[in-house]
Amino acid sequence: MSGLSIQNLSMRFDLPDGGAVQALQDVSLDLKAGELLSVLGPSGCGKTTLLNIVAGFLAPTDGKMILNGHEINGPDAERGMVFQQGALFEWMSVRENVGFGPSMKGMPKRDKAEIVDHLLDVVGLQDFKEKAVYELSGGMQQRVALARCLANDPDVILMDEPLGALDALTREKMQSLVLKLWKETGKTIILITHSVEEALLLGERLLVMAPRPGRIHKEYRLPFAEMGVDADLREVKKHPEFAERREEILGMIWDMEEEIMGRTEAAT
Amino acid sequence: MIPFLIYVAIFVVAFFAVRAIAAGAARNDYGSLKTVTFGDESAVTPSRAASVISILTIFLLWGMFTGSSLLPRFLHAPGPYEGTGTFEYTAQAGNERDSATVTVLVHPIDVPTDAPDVASGDGWAKDDAVAIGMWRSGLLRVDRNDEIGRGDGAEIIEINGEKIQPGGSVDVGWATVTLTDKGTPNIQPDKGWQMEPIWLPSPEAVVKRVGEIASAGFRGSTLWEHLGYSLFRVVVGFFFGALVGIPLGYAMGLSNWFRGWFDPIVEFMRPVPPLALIPLVIIWAGIGETGKIILLFLAALWIMAIAARSGVSGVKISKVHAAYSLGASKSQIMRHVIVPNSLPEIFTGARVAMGVCWGTVVAAELVAAEQGAGMMIMVASKFQNTDIVIMGIILIGIIGFGIDMLMRYAEKLLVPWKGKG
């Protein structure tokens, strides 16, 4: 019973101009506890919508989601979320940000301090504990966001392009950190990205979604995340299968983009 | 015109002087290495020297044209004539001519002075004497003590040996003497370039008046009581405005119904200048404290409501989502996310509201009040107490500036995350 089951999820909403958008159509997915899933697709394929529905911020028009035996209905601390950026509370110090979840639960101060200290060690920000979050670099801020999410000990971690705004070097370091945290904590993670490489590196399973209507196009099971836990990510990228998959998926997404363009041109 | 030209001259001369001095002391910071400064806003910083000279210039001009004792004499603009001057008039009656001397004592206007005694001299035209206040002019019927007066056909034909006719004028050095249509000399001693104290008192007169009013009071209240009343009204009005406005703004930012209900009211009331409400408030609540506080309450209310509303609307949805997925309840989100996120906006609103309230209270006191800074300068102006008016304006400015500085300081202290989100 443990794990996340998404069954026949559809979402359709009306537009003010009288039209309607089928954002998701019949998406089904079973995720075992501790699985790392990356979701990839061209813009408009509904990947962020899917994540928001799983987080409980949006209600689907059809289908349901079962997490550990109960149905998902609205946001909850069991499903933590890491955003691209700007979701930290700038009126709180790093320590207060990380301890936000435990504070809301009314956890005793001593227990909270212990958790916060541990997580700051894990993400390597112990020295920045009392700083304001706006004093940190973008990469450090995302570490804080990761630690804040983990402090709540959620069953599922949802990541919405968490590394999208970082520069290439920082991004690579953060990718290693995400893999390390995944292995150490054994959390179920769903990660949305628009980078094919990142999806390959950070996905035991990889979903490629297609747009209009948003649906699952293809699913892969990949060895790279497991390899990347102990190895240098650059070594992983040199793997012949990595290059092959990357080309394949890039081609797939290119074709989708072309199709969208074609359809738009035909319409006008 | 002349003060303005002097001002422009100081501006230009100081510019070149400071630039010449600055060129000597070469700097080597990042900004000084920029070659493109025209159009680069970050390269434009206020010149400290210019600010200092600017303020000194204002006081210098003020002192120069009021004959301030704070300035050395050579810096004073030419003052009005003071002392005793004489001129000679020549009258003619038929073929008989005679001359007489007029002695004029020009005295400070606040010192009552009698005309000096002079002997009447020889001939049928007798010598005259008169006292005239500085900046004033005086008509003198010189023929009144003459043996042959105007009624006997005598008329003035020369002043200091210069021919003159009714309507003409002669410069006698220290004054201008004009003959009226009826032939009476009008004596106008030189006014100089300095301002009469009734138009513009000197700086030291204003300072002296501050001391006087601070200790003796004006219209039954001391200076501090007047200013205190004004400040008290602002603080109380603002307090109630914020007390109602902030929750109202929050409600408008969080609920469709509240937003829909109050939007038309707030959007209509916001552009109504508080000053336009003064007559209505006086009709409803009279000129006492209640009326003033209601007015200031109304001035602050809409500003604070709009600030709180935009503070709530400005919260990034990802922050709210993050808080929900970290297990926060609605009230926890209100307290830990929405309120702190809206504080910077509320502070900005509070600064604006305090400024508007300060302006409004002064205006309201100008209209009608028993005490207050505005009442003080209004009453003073009716009695031509220009020094009190100027003192009041300066103090009102200082207090307004102080309020703004205080709010900025509080903002820096209390919401250091402003603009960092």
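**Notes on the sheets, domains and cores of chains A and B**

1. A good place to start is the middle of a sheet in chain A: strand β3 (residues 36-40) and strand β8 (residues 188-192) of chain A run parallel and are joined by 4 bridges. Do keep in mind as you read that this is a predicted model. Within the pairing, A:Val39 stands opposite A:Ile192, and A:Ser38 stands opposite A:Leu191.

2. β8(A) has a partner in strand β7 (residues 156-160) of chain A as well; these two strands also run parallel, with 5 bridges between them. If you would like a pair to look for, A:Val156 faces A:Thr188 of β8(A).

3. How many residues of β8(A) are buried? The count is 5 of its 5 residues, so the strand is mostly covered. A:Thr188, A:Ile190 and A:Ile192 point one way from β8(A), while A:Ile189 and A:Leu191 point the other way. This fits a familiar pattern: in a regular strand, side chains alternate between the two faces of the sheet.

4. Stepping back, the strands above belong to an open sheet of 6 strands in chain A, ordered β6-β7-β8-β3-β9-β10, with mixed pairing. Its edges are β6 and β10 (215-221) of chain A; each has a single partner strand, so one side of each is left without a neighbour in the sheet. From one strand to the next, the twist averages 20°.

5. Chain A also holds an open sheet of 4 strands, in the order β2-β1-β4-β5, and here the pairing is antiparallel. Its edge strands are β2 (20-31) and β5 (70-71) of chain A, each with a single partner strand, so one side of each lacks a neighbour in the sheet. Strand β4 (residues 62-67) of chain A is joined to β5(A) by 2 bridges, and A:Leu67 has A:His70 as its bridge partner.

6. What lies across β1 (4-14), β2 and β4 of chain A? It is helix α1 (residues 47-55) of chain A, which runs at about 65° to β2(A).

7. Now for the domains. Chain A is divided into domain 1 (1-78 + 155-223) and domain 2 (87-153), and their C-alpha centres lie 24 Å apart. Where they meet, 12 residues of domain 1 are in contact with 10 residues of domain 2. Helix α6 (residues 168-185) of chain A provides the largest share of the domain 1 side, 6 residues. By class, that side has 9 nonpolar, 2 polar and 1 charged residues.

8. Between the chains, 20 residues of chain A are in contact with 16 residues of chain B. On the chain A side, β6 (79-82) and α3 (100-105) each supply at least two residues, and α3(A) gives the most, with 4 residues. By class, the chain A side has 13 nonpolar, 4 polar and 3 charged residues.

9. Finally, the nonpolar cores. The largest has 135 residues, and those touching the most other members are A:Ile190, B:Leu296, B:Ala300, B:Met304 and B:Cys357. Helix α7 (residues 289-313) of chain B brings the largest share of this core, 15 residues. Apart from it lies another core, of 22 residues, including B:Met134 and B:Ile187.

10. A:Ile190 is worth a second look. Leaving aside residues up to four places away in sequence, A:Ile190 touches A:Leu37, A:Val39, A:Leu51, A:Val54, A:Val156, A:Leu158 and A:Met159.

How values were computed. Residues are numbered from 1 along each chain as its sequence is written. Chains are lettered from A and ligands numbered from 1 in the order in which they are written. This is a predicted model: local features need pLDDT of at least 70, side-chain atom pairs count only at pLDDT 80 or more; totals for chains, interfaces and linings use all residues. Domain bounds come from an automatic or database domain assignment. Two residues are in contact if their C-beta atoms, placed from the backbone, lie within 7 Å. Ala, Val, Leu, Ile, Met, Phe, Trp, Tyr, Cys and Pro count as nonpolar, Asp, Glu, Lys and Arg as charged, and the others, Gly among them, as polar. A nonpolar core is a set of buried Ala, Val, Leu, Ile, Met, Phe, Trp, Tyr and Cys residues joined through C-beta atoms within 7 Å. A residue is buried if 20 or more other C-beta atoms lie within 10 Å of its own, exposed if 12 or fewer, and partly exposed in between; C-beta atoms are placed from the backbone. Two strands pair if DSSP finds at least two bridges between them. Axes are lines fitted to C-alpha atoms, for helices over the stretch in contact, and angles run from 0 to 180 degrees between N-to-C directions.
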